[in-house]
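Good morning, and thank you for the opportunity to speak. Please take a moment to look at the sequence and the structure before I begin.

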Amino acid sequence: MSRKEPLRTVKGMRDILPPESVLWNRIEMASREVFAAYNYQEIRTPLVEPTELFARGVGADTDIVTKEMYTFDDRDGQSLTLRPEATASVVRSYIEHRMWEQPGVKKLYYIGPMFRRERPQKGRYRQFYQIGAEAVGSDSPAVDAELLEMLVELLGRVGLTGSILFLNSVGCANCRPKYLEVLREELGKVRGQLCVDCQRRSETNPLRVLDCKVPEDQPIIDKLPTILDLLCTECREHFDKLQSYLRDRKIPFTVRPRLVRGLDYYTRTTFEIVHGALGAQDSLLGGGRYDGLSEMLGGPAAPGIGFSIGEDRFALALSQLAESELSATQLFVIWLGEEAYRHAAELARELRKRDVAVELLADSVKLKKALELASRLGIRHALLIGEQELAERKYVLRDMTQGSQKTVTREELFEEFAGKAAASHAAPVPAEKGAETR
Ligand code: HAM
C-alpha cells in the first residue's frame, strides 16, 4: 500500500506548541488578573457572525471587509463570516442583551481567535489571537485614561518593556467631514505624485492615505493638513483632557496626527502601541473610541472605547525570555528500581496536589540516561530516588542548570517546592522496606 501524504495546517494558520503555549498561558493569566482589578468581565461571543455585522460595523470600504474576510453562505443561504475582529460582536451583544439598562459603564474583555485572509508573514497570520477590552456607556476621557492605564499595567505585569504609545484624535461626525473635504482638496493637488494605492484611496477613503507605508509618498503626506488642525471644540477639549489625565498618571505617549486605523468605526481617541522586536508588523495593539458604532448597528447611543492586543505578537515580543524560564515543569522525579518507583509515584502525587508541576520518569532506565532526559526536557530540578535514598529517608535534589546537588528530607523538599504552608500538610514518609532495616 502506498503511504498517504501527511496533512498540514491551512496556510497562515498554525499550532501553538509548548513551550510557546506556556508563555501564552502566562500572558492570558496576567491579562485576566489585570482586567479583574479594573472590573472588566469576560464576554465570549460566537466565532461566526452575520456578514452584515462587519459590513456595517467595520465598514464596507475597509480592507478587512473588501479583501480579508472568510465569508460563506450557510445551507439556508444566510451569509456568515468568521469574525475578523470582536468589537462589532461585543457591541452587537451589548445591544442584543440591552446592556445599557444595567448600571454604570459596561466593561467587557475577550480572549480568542480572529480570522483575516492577509498575506502571511512574521507576526501576521490568517488565524490570529486577540486579547481585547471594551468599555461601553460613557464618552468621558476618564474612561480612555483608565483603559490606557490598564494596558500599561498589563504590559508591565508580563515584563514587556520598550513599547511606545502613539495617540491621536480622529474627530467626530461634526468635524471629520470638514477635514475630509480639506484633505480631498489637498490630495487632488498631489494625487499624480502618489503610489497607485493612494491614488485610489484619495477617492474612496482619503484618511487611509495617511497610513501609507510607501517611502516615496512620505514627504508628500507629511505636508498634508492633519485632523488635529480641524478638531471641533468638543473633540479638542476631549483630547486635551485625556492627555492631561495621562500626564497625571505619568504614562508616556507621543501624539501622532497621522495615526488612522483600518476600521471605520473610530471617533475621537485612537491609539496604537508598537514594539521594536516585532519587525515590519510592529503594531502590538490598536484601539480607540467608537461613539457611533451602537447606532450603526441599530442600537441606542452608547459611546465606547476599547483595544485589542495581538496575542501572537505579544508572545513574539516576549520570546526573548529564556527557554528554561518557559518550562512549566519544576521537578523531574527519577527512580531506580521497582520499590523506588512505588515511592516516587506516591511522592509525585502529593507534590502535584500542591500544584508543583512534576514529571515522573516513565521507564526504568540507567541514571545517566534519566539525567540526560531531564536536561533535554529543560526541567530545572531532578529528584533522585534509589534504594539508598529510601533507606535513609532522604532524596538527592539536583539543580540541572548549575550541576550542583544536595540531600533533602521529604519535609525540606515540600518546603522548597510547595511552600511553607504545604510542608506542614506533607504526608509522613510511608514505612519503606529499606527504612525498616535501618
Ligand atoms: P486592529 O488594529 O485591526 O484592531 O487589530 C489589533 C491588533 O491585532 C493589531 O495591532 C495586531 O497586533 C493584531 N492583528 C491584526 N491583524 C493581525 C494578523 N493578521 N495577524 C496577527 N495579528 C494581527 C482591532 O481589531 C479592533 N477591534 C481594536 C479595537 C478594540 N478597537 C476598539 N476596540
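I shall speak about the surroundings of the ligand and then about one helix.

Please keep in mind that this model is predicted.

Let us begin with the ligand. There are 26 residues around it, and those that come nearest are Glu85, Glu118, Arg261, Tyr266 and Ser283. Sorted by class, this shell holds nine nonpolar, 10 polar and seven charged residues.

Which strands each supply at least two residues of the shell? They are strand 6, residues 127-136, strand 10, residues 283-289, and strand 11, residues 304-310. Strand 10 gives the most, with six residues.

Some polar contacts deserve attention. Tyr266 places a polar side-chain atom 2.6 Å from a nitrogen atom of the ligand. For Glu85, a polar side-chain atom lies 2.7 Å from a ligand nitrogen atom. With Gly306, the partner is a polar backbone atom, 3.4 Å from a nitrogen atom of the ligand. Taken alone, the ligand exposes 660 Å², and the protein buries 96% of that.

I now turn to helix 1. It comprises the 18 residues 20-37. Why should it span 26 Å? The expected span is 1.5 Å times one less than the number of residues, and the end C-alpha atoms are indeed 26 Å apart, so the two values agree.

The buried residues of helix 1 are Val22, Leu23, Trp24, Ile27, Glu28, Ala30, Ser31, Val34 and Phe35. In general, an α-helix has 3.6 residues a turn, so residues three or four places apart point the same way. Just after helix 1, Asn39 adopts a positive phi of about 65 degrees.

Methods:
Residues are numbered from 1 along each chain as its sequence is written. This is a predicted model: local features need pLDDT of at least 70, side-chain atom pairs count only at pLDDT 80 or more; totals for chains, interfaces and linings use all residues. Side-chain values use heavy atoms; hydrogens and water are left out. A residue is near a molecule or strand if one of its heavy atoms lies within 4 Å of it. A polar contact is a pair of N or O atoms within 3.5 Å; within protein, one must be able to donate a hydrogen and the other to accept it, and residues adjacent in sequence count only if both atoms are side-chain atoms. Accessible areas come from the Shrake-Rupley method with a 1.4 Å probe; for residues, only the protein chains shown count as cover. Helices (H or I, at least four residues) and strands (E, at least two) are DSSP runs, numbered from the N terminus. Ala, Val, Leu, Ile, Met, Phe, Trp, Tyr, Cys and Pro count as nonpolar, Asp, Glu, Lys and Arg as charged, and the others, Gly among them, as polar. Buried means under 20% relative accessible area, exposed over 50%, partly exposed in between (1.4 Å probe, protein chains only).
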